[in-house]
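I am keeping a notebook on one structure, entry by entry. The plan is to look up its cavities, a pocket, its cores, its salt bridges and one proline.

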Amino acid sequence: MGRPKKSAKSKDAGHTPVMVQFFAAKADYPDALLFFRMGDFYELFYDDAIVAAGALDITLTSRGKDRKGENIPMAGVPHHAAAGYLARLLEQGFKVAICEQLADPSTVKGIVPRGVVRVATPGLTLDPDSLDAKADNLLVALSFGERLGLAALEMSRSDLRACVLDDEAAVLAELVRLEPRELLLDGERPALEATLARVLPRTAIRRVTRDAVEDADAALAALLGDDEIPRALHEVDEAGRVAAIAALRYAQQAQPNAKVRVSRLARYDPHDRLVLDEVAVRNLELVRTLSGDKTGSVLHLLDETKTAMGARALRRRLLAPLRDLGAIRRRHDAVEALLVDAELRRALRGDLASVADLERLATRVELGVATPRDLGAIRDSLVAAHTLAARVDERAATSTDDALGKMVPDERCEEVLGELETALTEEPPQVPSQGGILAEGVSPDLDELRELSSSSKDVLLRLEQRERERTGIGSLKIKYTKVFGYYLEVTRSNLHLVPDDYRRKQTIANGERYITDELDDLQGKILDADERARALEIQLFEELRDRTAERADELRAFARALADLDVHAALAEVAHRFDYVRPELDDGVAMDLRECRHPVVERLAEAGSFVPNDVALDAEGERLMIITGPNMAGKSTAMRQVALAVILAQAGSFVPAASARFGVVDRVFTRVGASDDLARGQSTFMVEMRETATILRDATRRSLVILDEIGRGTSTYDGLAIAWAVAEHLHRGIGCRAMFATHYHELCELAELEDGVVTYNVAAREYGDDVVFLHKLVEGATNRSYGVAVARLAGVSEIVLARAKAILADLESGAPLPGGRPASLRGRAQLELFAPAPAQREPSAVERTLRELDVDRLRPLDALVTLARLKDMLDP
């Protein structure tokens with residue numbers, strides 16, 4: 001992500017007045033691209049133009065010469081299409097200062113005044129084109145002192161929350177959960193910035209100056225109000241308040257002409273939720289797959305919500321499941337109520353489909369940027385919401401299920417709906433100046449102006465008819481010229497009938513032209529009726545918007561209730577379609593899952609082909625499950641689905657299983673898969689060990705730990721020793737529920753040495769040289785990994801497979817390695833440690849390879865390669 005360079009310093013001398021305005025605006029916002037309004041375009045100059053031209057793939061041109069005689073780089077975008085270009089820049093992490101013309105050029109003599117009216121940033125934008133409707137758009141600020149403070153501002157929902165975290169690992173976990181679009185760091189922290197850039201590639205990172213606590217509290221009082229400060233000082237830690245003011249100040253600088261509309265700083269504690277670190281979120285593919293795609297993630301397959309605010313609420317739930325047993329059960333009650341009442345669920349989901357994003361619309365109204373169409377969307381959404389609420393009320397009145405009556409609040413914004421229904425036309429325009437915003441009857445003055453504007457001919461004809469009847473002049477006519485305007489024309493033969501209130505305006509050959517007070521007034525109204533009607537309508541619209549803004553908090557509260565209802569209905573729909581079951585949660589430390597399934601894998605597999613599994617763990621009994629079995633057999637899937645069942649249940653969802661019962665979990669840890677982290681100079685093994693260290697440090701007795709292939713990134717001895725020690729510590733030192741998949745079959749001996757350790761394997765069957773994976777967890781250990789069979793499935797050539805089988809047979813029998821050194825590992829299918837090597841046996845390597853070779857699988861080219869390899873093996 002590029003950052004605009006500061007344009008060259010300048011003085012007024014040598015520059016046109018327009019460029020003087022540009023430099024003045026740029027000096028106030030040196031780190032932002034400056035959209036400088038000139039007529040129908042936003043122009044960018046100097047380095048801004050070069051950066052924007054590259055980022056937007058637009059033409060880079062020039063405008064005049066600077067004082068050195070060099071061309072001034074320039075690029076521009078049409079103002080009517082600026083929203084799309086702005087969205088692209090924000091997506092790339094840029095800040096953009098919008099410098100507008102502050103007066104109508106047609107009414108100004110000389111240079112049009114210009115000034116920056118707002119600064120668009122990735123974390124503060126309110127433009128629908130720049131927002132992901134299904135995800136929060138967060139600005140997060142971090143404060144580093146004796147304690148680590150974090151504040152998250154969601155400007156589109158006017159929501160500000162702060163917390164205090166224990167260490168940088170906790171900071172990283174919380175940032176992954178929040179996934180901010182913009183992050184403020186106090187000071188330079190290159191190591192942390194490098195980590196964050198890797199983990200959060202879409203987040204724009206900025207550096208800001210840290211406030212002292214006293215300065216932060218004073219600034220909070222100024223921005224939130226004196227009434228809010230006592231509560232904030234009592235509830236929110238100093239570090240959280242310092243982070244909060246950093247976010248608020250940054251937001252205030254982005255809108256210099258309006259106050260930030262956040263009235264409350266709320267405290268939250270990440271430990272009140274089931275904690276998921278960035279490794280767990282990534283490995284379990286909760287919101288993105290390992291490749292970074294949203295499609296195929298758990299969230300993508302669960303999201304059956306009908307509203308944008310419901311989709312965001314579901315995402316928050318999935319990334320921050322509950323630990324409070326009562327709250328979890330209330331969510332399950334709501335889902336169950338809608339699951340069993342299919343008719344109501346279908347009707348409510350139909351109503352919700354007509355509900356717009358009330359949360360963000362309320363904020364747009366509050367900030368004064370809502371359009372007439374936005375108000376129309378609020379009205380239509382409230383109509384649909386009241387229809388929905390009536391359905392719920394009707395069903396709750398005849399139901400014994402208390403959950404139904406709690407789904408919709410009593411406060412339903414009736415006054416807002418009533419005023420908007422009365423005031424707005426059926427389809428309000430997007431732009432206020434287009435007119436047609438307010439319905440007939442809202443304002444008598446507006447109705448009169450509209451009638452004059454649209455029916456001036458009829459008004460004049462009616463006046464003409466009245467004057468004919470009053471004067472008795474049958475030939476009297478009302479006419480118009482650009483020079484004289486409207487007038488009454490009377491022929492010479494009828495001049496004796498002209499009343500005294502007629503004022504002569506002009507004499508013509510065959511008569512006289514007159515004006516009356518009424519016609520004079522009417523002329524003034526007609527000639528500027530359209531302009532006056534438009535101005536009055538805009539004024540009345542803004543007043544309506546201001547009155548609606550006073551109810552913004554009510555709108556947001558109602559929107560949150562609708563979002564929760566949307567989530568409950570969506571989860572009920574998922575449970576109905578895919579046969580999920582209500583989990584039973586308690587305060588214990590046991591776990592019993594029957595026929596548990598992976599929510600994503602089962603959806604992607606052929607119908608009926610997914611194999612469910614049973615898992616039982618108990619921190620007071622059999623708590624460590626050691627799982628062996630071949631690669632590709634499904635060990636990782638079986639473990640992941642257990643972790644996902646816990647997360648879904650505590651998020652308030654039903655789970656893919658025949659039955660599920662377990663004690664509430666405080667943290668889910670995963671160590672599944674591994675890859676090099678070249679950016680930080682860490683090998684696969686180092687990444688693996690860091691993740692393992694985090695688990696051993698932070699896991700508690702209530703945690704669920706998923707470990708896959710610990711120790712495989714180093715030598716056999718070292719890897720086995722580490723895996724054994726880790727398994728022992730999980731069992732003895734922590735005592736948590738854990739699943740440990742391994743190819744070190746020696747670990748299965750722990751079950752013989754320790755109570756509470758059980759062994760399972762993923763069943764497989766061999767048919768000749770082939771293997772069939774049954775994907776079923778069965779009790780007991782296995783002594784085979786079927787590595788050669790898996791290599792055949794992967795397409796490894798037959799000569800390599802034959803040679804591998806020959807070497808494997810030698811190693812298993814204790815024969816020397818191919819290089820002649822004695823094998824130090826032997827015994828069973830997985831080699832025993834420390835066993836003496838027997839004497840070398842015959843036949844030769846060539847004979848053994850030929851014996852293992854499957855001739856029927858060889859292609860002609862493979863046969864030639866095989867012969868060449870066998871010949872090489874015969875050479876001394």
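**Entry 1: cavities**

I looked for enclosed spaces and found that the structure holds two cavities of 30 Å³ or more. I note at the start that this is a predicted model. The largest cavity has a volume of about 50 Å³.

Next I listed what lines the largest cavity: Leu302, Leu314, Arg317, Leu318, Leu571, Leu648, Ala651, Gly652 and Ser653. Sorted by class, this lining has six nonpolar, two polar and one charged residues. I then checked the helices and found that α11 (308-319) and α22 (635-651) each supply at least two residues of the lining. The largest share, three residues, comes from α11.

**Entry 2: the second largest pocket**

I moved on to open spaces. The second largest pocket has a volume of about 1400 Å³. Its lining is made of 41 residues, and the closest to the pocket centre are Glu100, Arg118, Asp127, Arg364 and Val369.

I counted the lining of this pocket by class and got 23 nonpolar, nine polar and nine charged residues. Several elements supply at least two lining residues each, among them the strands β1 (33-38), β5 (96-101) and β6 (114-120). The helices α3 (82-91), α8 (238-254) and α15 (372-397) each do so as well. Which element gives the largest share of the lining of the second largest pocket? I found that β6 does, with four residues.

**Entry 3: Pro372**

I picked one residue of helix α15, Pro372. Is Pro372 buried or exposed? Pro372 counts as buried because its relative accessibility is 0%, and the cut-off for buried is under 20%.

I then looked up its contacts, leaving aside neighbours within four places in sequence. Pro372 is in contact with Pro428, Pro429, Gln430, Val431, Pro432, Ile437 and Phe541. I also took one distance: the C-alpha atoms of Pro372 and Val589 are separated by 55 Å. Along the chain, these two are 217 residues apart.

**Entry 4: nonpolar cores**

I wrote down one background point before this entry. In soluble globular proteins, nonpolar side chains tend to be buried together.

The largest nonpolar core here has 157 residues. Leu286 and Val668 have the most contacts inside this core. Helix α20 (residues 552-578) gives the most to the core, with 12 residues.

I followed up on Val668. Not counting residues up to four places away in sequence, Val668 touches Leu274, Val275, Leu276, Ala280 and Leu284, among others. Its list of contacts also includes Ala643, Val646, Ile647 and Leu704.

There is also a second, separate core of 49 residues. Among its members I noted Leu124, Ala221, Tyr250 and Leu265.

**Entry 5: salt bridges**

Background for this entry: side chains of opposite charge can pair when their charged atoms come close. The structure holds 61 salt bridges. I looked at three pairs and one network.

The pair I took to begin with was Glu451 and Arg462, whose closest N and O atoms are 3.2 Å apart. Glu451 is partly exposed, with a relative accessible area of 38%. Arg462 also counts as partly exposed, at 44%.

Next came Asp586 and Arg661, a salt bridge in which the closest N and O atoms are 3.2 Å apart. This pair links distant parts of the chain, with Asp586 in strand β18 (residues 584-586) and Arg661 in strand β22 (residues 659-663). They are 75 residues apart. Asp586 is buried, with a relative accessible area of 18%, whereas Arg661 is partly exposed at 45%.

The last pair was Arg701 and Glu620, where the closest N and O atoms are 3.5 Å apart. Here too distant parts of the chain are linked, 81 residues apart. Arg701 is in the loop between α23 (684-698) and β24 (704-708). Glu620 is in the loop between β20 (613-618) and β21 (624-628). Why does Glu620 count as exposed? Its relative accessible area is 62%, and exposed means over 50%. Arg701 is partly exposed, with 39%.

Which residues are linked in a network of salt bridges? I found Asp136, Arg157, Arg312, Arg316, Asp357 and Glu359 linked in this way.

How values were computed. Residues numbered from 1 in each chain as written. Predicted model: local features only at pLDDT ≥ 70, side-chain atom pairs only at ≥ 80, totals over all residues. Heavy atoms only, no water. Core = buried A, V, L, I, M, F, W, Y, C linked by side-chain atoms within 4.5 Å. Buried < 20%, exposed > 50% of the residue type's maximum accessible area, 1.4 Å probe, protein only. Contact = heavy atoms within 4.5 Å. 1 Å grid on protein atoms, 1.4 Å probe; cavity = no way out; pocket = protein on both sides within 12 Å on 5 of 7 lines; lining within 4 Å. Points joined across faces, edges and corners; volume = space filled by probe spheres on them. Nonpolar A, V, L, I, M, F, W, Y, C, P; charged D, E, K, R; others polar. Salt bridge = Lys/Arg side-chain N within 4 Å of Asp/Glu carboxyl O.
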